[in-house]
Amino acid sequence: MSPTLMAVHHDSQAHLAAWLLAVYVIYLQMQVVARVRAADRDAALVWGTVGALAAGTGIWAVSLLGLLAARLPIEVGYVPVLVLVSWLPAVTVSALTITLYARRMPRPWMRPLGGLLVAVGLTAVAATAVESRLMEPQLIWSPALVGLSVALTLFTGALVAPRLRGRLARLPDRLADIAVAAVLGTAFRGGQALMVAAAGVPVDARCTSVGQLSGDTMLWLLPAVVSVLSVLVHLAASLDARAQRQREALHRDLAHTSAALDQAMQRDAITGLYNRQAFERRLQATLDDAALVTDRPAVLRVGLDGFRALVERYGDAFGDALLRQVGRRLQGLVREGDVLARSDADEFLLLCRGWHDEVQLTQMALRLVDALRAPCQVEGETVHVSASLGVARHPDGATVTQLMTQALDAMRTVRRAGGNAYCLYRHGMDREGGDQVALQRDLRHAIARGQLALVFQPKLRADTGALAGVEALLRWRHPERGDVSPAVFIPVAERFGLIGELGLWVLDEACRQVRLWHEAGADVPVAVNLSAHQLRQHDLEACVREALRRHRVPARMLILEITESVAMDDVDASIRVFDMLDDIGVQLSIDDFGTGYSSLSYLRRLPARQLKVDRSFVRDLACSPDAQAIVGAVVRLAHALGMTVVAEGVETEPQAAILRELACDELQGFLFARPMSGAALLTWMGPPPARTATLRPEQGDNSQDDPPSAWSSLERVG
Ligand code: C2E
Ligand code: MG
Ligand code: MG
C-alpha cells in the first residue's frame, strides 16, 4: 500500500458476516427465480417485485457491511441520503438478475450483456456506499482495482453463473442451490471487497460526515432490515410453494379424470371395445393419413346372425355375456394396429390396414367367419352363433360415411343370403346384389346336390396331333338357370368365400378322373385352374398332396394353371407357392399369357413349365401381323426359358397352321374338341391300343406315355 494512504484495519467478524450475507442473498435470489418461473404471469410480477426488493436490499447490506468491516483509524460517519441512494442500483441489479434468469436467457447475447449490467450495477452500489463517507481530502481511486472488481463480477455473471447449476445437476436440489450460492456469493463479495480496497483514503484525511449515521448504528440496523425482509420472503415462498403443489395436484387430478372420462366416452360399456363414434374418428384419422396411397384401409362390419332371437330367449344379461365373448374372440384374431369396435346391439366393426391385396383380406374375413362359427359357452348354455361379414375396401377419395355404408351393404347382402359368410363390397352391388346373393346361395349347395361337374378339353401336340393332356373346366348345371359359366360363378365364389371349398372339389375330382382313365388304360395329364384365392391358401400344398394321394395319382400327371395377372400380382408369394408345388413334382402353367403385365425377370424366376397364349391373340392371328409377331416372340421367349407353349382358343385351320409355323408346342380349341365329360373323352380318344398315343389313329405317337414305374409304385402304396 502506498504510504500516502491511510492503513485499514479489517474486522474479521464483520467480513465473515458480509460473506455469509452475500451467499445468503444469492440463495434468496435463486429461490425467487424459481418461484417466478413456476408462477403464472400476475403472480410472477408480484414475486419478481418482492424478490427484487428483498434481494436488492440484501446486496445493499452486503456492500455496507463490507465497508464497515474495513475500519479506518479515524472516526467516520455516513451520509444517510447517499446510503439510501446506494440501495437503488442494488435493487435494480437484483431485478435485472431475477428477470434474466427467470426467462432462462432466451438469447445468447443476453449473457454478456446481463453480466456487464450486473457488474456495472454492483460497482455503482459499492462506489456509492464508499462515497457516503465524506472525506477531506477526497478518496484516491485505483482504476486497476476497480477494473479487477468489474472483471470478476462480469466473469462470474456471464460465464460461471449460467452454467454452474447444470454442472451440479447430480447433487440433490437444495445442496446444489447452496453450492451455487456459495460460489457466486463469494465472487460477489470479492468484487465488493475489491471496490472498497480501490477507494484509498489519504493519510491526512478526515471525515466531514462524522455525527451523521454512525457505523455502530448501521451494524445492527442492516442485519435487522435484511432479516425481516428475508423472513417475509421465505414465508411467502413456502406458502406459495404449498399452494403451487396443491394446484399441480389439482391439475393432475383433473387431467386424470378427463382422460378417464374421455376413455369412458370412447368405450362400449359391455365389451370395453371402442364404440362407434370412436371408431369413426379413428377411421377418419386413417383416411386423412398421407400413407393411404400405398396402404388402403378396409372396414369390416361383423353382424351376429340370430342374436336377437337368443336375447329374446335367454335375456339381456345372457346377450351381454355373449357379446363379451364374441368381442374377446375377435380381439384374439385382429392384428396390432387394427381397430375393433362394437357398434350396435349385434354388430362389431373392424378397421384393418396393411392388406395389400384382396385375397389376404378375404382370408382374414374367412378366419373371422370361421372363428365366430365355433360354439359359445354362456352361462352354462352352449349356443351357436354365426356372423354375416361385409367388407369394404377404401377406394380413392371415399369418405367415412361411404365406407361404412358400403360395408353395411355388403353385410346386408350376406344376411339376405342366410348369413354365416362374408362378402366384399363391389360397385353397383345394390343393383346386382339380389342376383349375386341368389347365385351364391345356390352355389353353396351345388356341390352337395351334385350340380357341379368337370369337363375336359384336349390339348394336342402341334406337330403330331397327339393328345398332350386335357384341361379340366368346371361346369355348374343349375336346375333353373341351366349351365352357368365359370366366368360368372367363380368370381361369386371368390367374393362370398366359397372358392376354397369349390377349388378343393375340382382338384379332387380331376385326380379321381385321371385315376379312372388310368384304370381304363389311358394316361392323360390333367390341367386344373387355380384361382387367386387358392394360390394364397396356406394349405394349398397339403390339399394337392392329399388329392394325389387319395386317388393314387403321380404328381406329374397334374398341371396347375394360374393366370398371368394372378401370378404377377404378388410375385414373391407366387414364387414361394410355385417352388413348393414344383418340389412335389406338380407342373405349373401360366394361363391367359399376354393379358396381364409380365416382367421378364419375374417370369424367369417362376418355375413354370408351360405358358398358355391367350385366346385373344390366337383369334387375331390370321388377320393381324402384330398378333403373329407377338405370338412368335412369346414362343421364342418361352422356349428360351425352357417352357412349352400352348395356344388356347384355336378355332380355324389357318390359325392352327400359323401356330405350327411359329413353333407353338400344343394347341387347344374348338377346332379339335370342345370340353367334354371324362367318359366322353375315352370314347373320343378311340379304342385302347391307340388312345394313349393319338387323337387320330393315323398320327400315332407313343411319347405321350408315362413311364409305368411311377404308376406302379403308387399302385403298390395304394
Ligand atoms: P381358361 O382357363 O382360359 O379356360 C379356357 C376357356 O376357353 C374355357 O372356358 C374353354 O371352354 C374356352 N375355350 C376353349 N377353346 C375355345 C375356343 O376354341 N373358342 C372359344 N371361344 N373358347 C374356347 P370356360 O370353361 O367357360 O372357362 C372360363 C374360365 O373360367 C377359364 O378360363 C378359367 O379361368 C375359369 N375356370 C374354369 N374352370 C375353373 C376351375 O375349375 N377353377 C377355377 N379357378 N377357374 C376355372
Ligand atoms: Mg385355364
Ligand atoms: Mg386361358
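This passage describes the overall form, the metal sites, the salt bridges and a surface patch of a predicted model.

The protein contains 27 helices and 24 strands, and its C-alpha atoms fill a box of roughly 150 × 70 × 50 Å when the box is taken along the principal axes. The radius of gyration is 48 Å, whereas a compact globule of 718 residues would have a value near 27 Å. Of the 718 residues, 50% count as buried, and the protein exposes about 33,900 Å², of which carbon and sulfur atoms supply 58%. Among the contacts with a separation of 6 or more, 74% are accounted for by residues that stand 24 or more positions apart.

Attention turns next to the metal sites. The magnesium ion (ligand 2) is coordinated by E471 and E561 through OE atoms, by N529 through OD1 and by D591 through OD, at 2.0 to 2.2 Å. Along the sequence these donor residues follow the spacing E-x57-N-x31-E-x29-D. Two of the donors, N529 in strand β19 (residues 526-530) and E561 in strand β20 (residues 558-563), form a pair that links distant parts of the chain, 32 residues apart. N529 counts as partly exposed because its relative accessibility is 28%, while E561, at 1% relative accessibility, counts as buried.

The magnesium ion (ligand 3) is coordinated by D591 (OD), by D592 (OD) and by two OE contacts listed for E648, at 2.0 to 2.4 Å. The donors of this magnesium ion (ligand 3) are spaced D-D-x55-E along the chain. The magnesium ion (ligand 3) and the magnesium ion (ligand 2) are 4.0 Å apart, and D591 coordinates both. D592 lies in strand β21 (residues 587-593), and E648 lies in the loop between β23 (644-647) and α24 (653-661), so this pair ties together parts that are 56 residues apart in sequence. At 22% relative accessibility D592 counts as partly exposed, whereas E648, at 9%, counts as buried; the cut-off that separates these two classes is 20% relative accessible area.

The salt bridges come to a count of 23. In one of them the side chains of D508 and R550 meet at 2.0 Å, N to O, and this pair links distant parts of the chain, with D508 in helix α16 (residues 499-519) and R550 in helix α18 (residues 540-551), 42 residues apart. R550 also forms a salt bridge with E546, in which the closest N and O atoms are 3.2 Å apart. Because R550 and E546 are four residues apart in helix α18, about one helical turn separates them. Both residues of this second bridge fall in the partly exposed class, R550 at 43% relative accessibility and E546 at 29%.

A further salt bridge joins the side chains of E653 and R660, at 3.6 Å from N to O. E653 is partly exposed, with a relative accessible area of 45%, and R660 likewise counts as partly exposed at 37% relative accessibility. Elsewhere, salt bridges that share partners join D305, R308, D346 and R415 into one network.

On the surface, L16, W19 and L20 form a nonpolar patch that has about 280 Å² of accessible area together. L20, one of the residues in this patch, is found in helix α1 (residues 12-38), and at 47% relative accessibility L20 counts as partly exposed.

How values were computed
Residues are numbered from 1 along each chain as its sequence is written. Chains are lettered from A and ligands numbered from 1 in the order in which they are written. This is a predicted model: local features need pLDDT of at least 70, side-chain atom pairs count only at pLDDT 80 or more; totals for chains, interfaces and linings use all residues. Side-chain values use heavy atoms; hydrogens and water are left out. Donors are N, O and S atoms within 2.8 Å of the metal (3.2 Å for Na, K and Ca); water is not among the atoms, so sites may look incomplete. Buried means under 20% relative accessible area, exposed over 50%, partly exposed in between (1.4 Å probe, protein chains only). Patches are made of residues with over 30% relative accessible area and no salt bridge: like charges are joined within 9 Å, nonpolar side chains (Val, Leu, Ile, Met, Phe, Trp, Tyr) within 5 Å. Accessible areas come from the Shrake-Rupley method with a 1.4 Å probe; for residues, only the protein chains shown count as cover. A salt bridge is a side-chain nitrogen of Lys or Arg within 4 Å of a carboxyl oxygen of Asp or Glu. The radius of gyration is taken over C-alpha atoms; the globule rule is 2.2 Å times the number of residues to the power 0.38. Contact means heavy atoms within 4.5 Å.
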